[in-house]
Amino acid sequence: MEAMKLPKIPELVMFIGSLIVSTVVVMVLGVKFGGPLIKVEASNIHGLLSIVGIQNTLLGNIIYLPSERVAFEITWQCSGMFSIALYTVVYSVIPKLRRHFREYIFGVSTIYLLNLARIFLAIYLYYTLGEGAFSLFHYTIGPLLMFTVVVLLLANAFMKSLHPN
């Protein structure tokens with residue numbers, strides 16, 4: 001069994017640089033081209049809220065809850081693109097991970113679906129428990145859960161990449 005080598009300084013700098021560049025790229029692309037993704041996200045959340053019996057109206061990327069007299073704007077930051085970008089960058093800079101494309105697709109799909117559930121749950125919590133529960137989940141618990149999921153997906157993929165198939 002071989003000992004695991006620590007990354008060299010140039011590799012670490014390249015990795016951190018990739019994270020920074022990808023964040024900027026995601027922000028620029030999100031602002032410039034995020035419209036269609038935002039509308040899909042808003043439409044999906046609108047449908048989920050309707051399924052659980054919460055009356056809501058979809059106006060472009062805005063979900064309005066008439067009973068609460070409140071509107072939620074779904075922005076490109078709500079789309080999960082930061083989590084997906086982080087996952088993609090880490091996946092693409094570690095050579096052993098790049099060989100497992102199905103694992104990558106599974107991870108991106110999982111992140112998207114969990115992010116959709118995160119936004120839905122935040123609005124659901126507002127509807128059932130009020131603004132305090134919404135704020136706690138939307139700004140603290142939800143992002144922490146998403147980060148944890150990304151780390152777990154990457155750890156799982158990395159562990160699988162260590163074992164030859």
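**Group meeting: a walk through the helices and the core**

Let's start with one residue, Arg-69: its relative accessibility is 74%, so it counts as exposed. Keep in mind that we're looking at a predicted model. Where does Arg-69 sit? You'll find it in the loop between β2 and β3. Have a look at its backbone too, because phi there is near 55°, which means a positive value in a residue that isn't glycine.

Okay, stepping back to the whole chain. We've got 6 helices and 3 strands. Reading from the N terminus, the order of elements is α-α-β-β-β-α-α-α-α. The chain has 165 residues, and 34% of them count as buried. If you take contacts between residues at least 6 apart in sequence, 62% of those join residues at least 24 apart.

Now the helix packing. Two packed helices get described by the angle between their axes and the distance between those axes. Take α3, residues 81–93, and α6, residues 131–162: they pack at an angle of about 20°, and their axes are 10 Å apart. That angle makes α3 roughly parallel to α6, and the crossing is right-handed. Which residues make this contact? On the α3 side you have Ser-83, Leu-86, Tyr-87, Val-90 and Tyr-91. From α6 come Met-146, Phe-147, Val-150, Leu-153, Leu-154 and Ala-157. Sort the α3 and α6 contact by class and you get 10 nonpolar residues, 1 polar and no charged ones.

Next pair: α5, residues 101–129, against α6. Here the axes come within 9 Å and cross at roughly 165°, so α5 and α6 are roughly antiparallel to each other. This crossing is right-handed. By class, the contact of α5 with α6 has 18 nonpolar, 6 polar and 4 charged residues.

While we're on α5, find Thr-110, which lies in that helix. Buried or exposed? Thr-110 has a relative accessible area of 19%, so it's buried; the cut-off is under 20%. Its C-alpha is 8.8 Å from the C-alpha of Leu-153, and those two residues are 43 apart along the chain. Leu-153, remember, is one of the α6 residues in the contact with α3.

On to the core. The largest nonpolar core has 35 residues. Those with the most contacts inside it are Ile-45, Leu-49, Leu-65, Ile-74, Tyr-87 and Ile-123. Which elements supply at least two residues each? That would be α2 (35–51), β2 (62–65), β3 (70–73), α3, α5 and α6. The biggest giver is α5, with 11 residues.

Click on Ile-123 if you want to see who touches whom. Leaving out neighbours within four places in sequence, Ile-123 is in contact with Ile-45, Leu-49, Ile-63, Leu-65, Phe-72 and Phe-134. And Tyr-87, also on that list of best-connected core residues, turned up on the α3 side of the contact with α6.

Last stop, Ser-79, in the loop between β3 and α3. We opened with an exposed loop residue, Arg-69; how does Ser-79 count, buried or exposed? Its relative accessibility is 2%, so Ser-79 is buried. Setting aside neighbours within four places in sequence, Ser-79 is in contact with Leu-37, Glu-41, Tyr-112 and Asn-115.

That's my tour, thanks.

Notes:
Residues are numbered from 1 along each chain as its sequence is written. This is a predicted model: local features need pLDDT of at least 70, side-chain atom pairs count only at pLDDT 80 or more; totals for chains, interfaces and linings use all residues. Side-chain values use heavy atoms; hydrogens and water are left out. Axes are lines fitted to C-alpha atoms, for helices over the stretch in contact, and angles run from 0 to 180 degrees between N-to-C directions. Helices (H or I, at least four residues) and strands (E, at least two) are DSSP runs, numbered from the N terminus. Angles under 35 degrees count as roughly parallel, over 145 as roughly antiparallel, 65 to 115 as roughly perpendicular and the rest as oblique. A crossing is left-handed if the near helix is turned anticlockwise from the far one by less than a right angle, and right-handed if clockwise. Contact means heavy atoms within 4.5 Å. Ala, Val, Leu, Ile, Met, Phe, Trp, Tyr, Cys and Pro count as nonpolar, Asp, Glu, Lys and Arg as charged, and the others, Gly among them, as polar. A nonpolar core is a set of buried Ala, Val, Leu, Ile, Met, Phe, Trp, Tyr and Cys residues joined through side-chain atoms within 4.5 Å. Buried means under 20% relative accessible area, exposed over 50%, partly exposed in between (1.4 Å probe, protein chains only).
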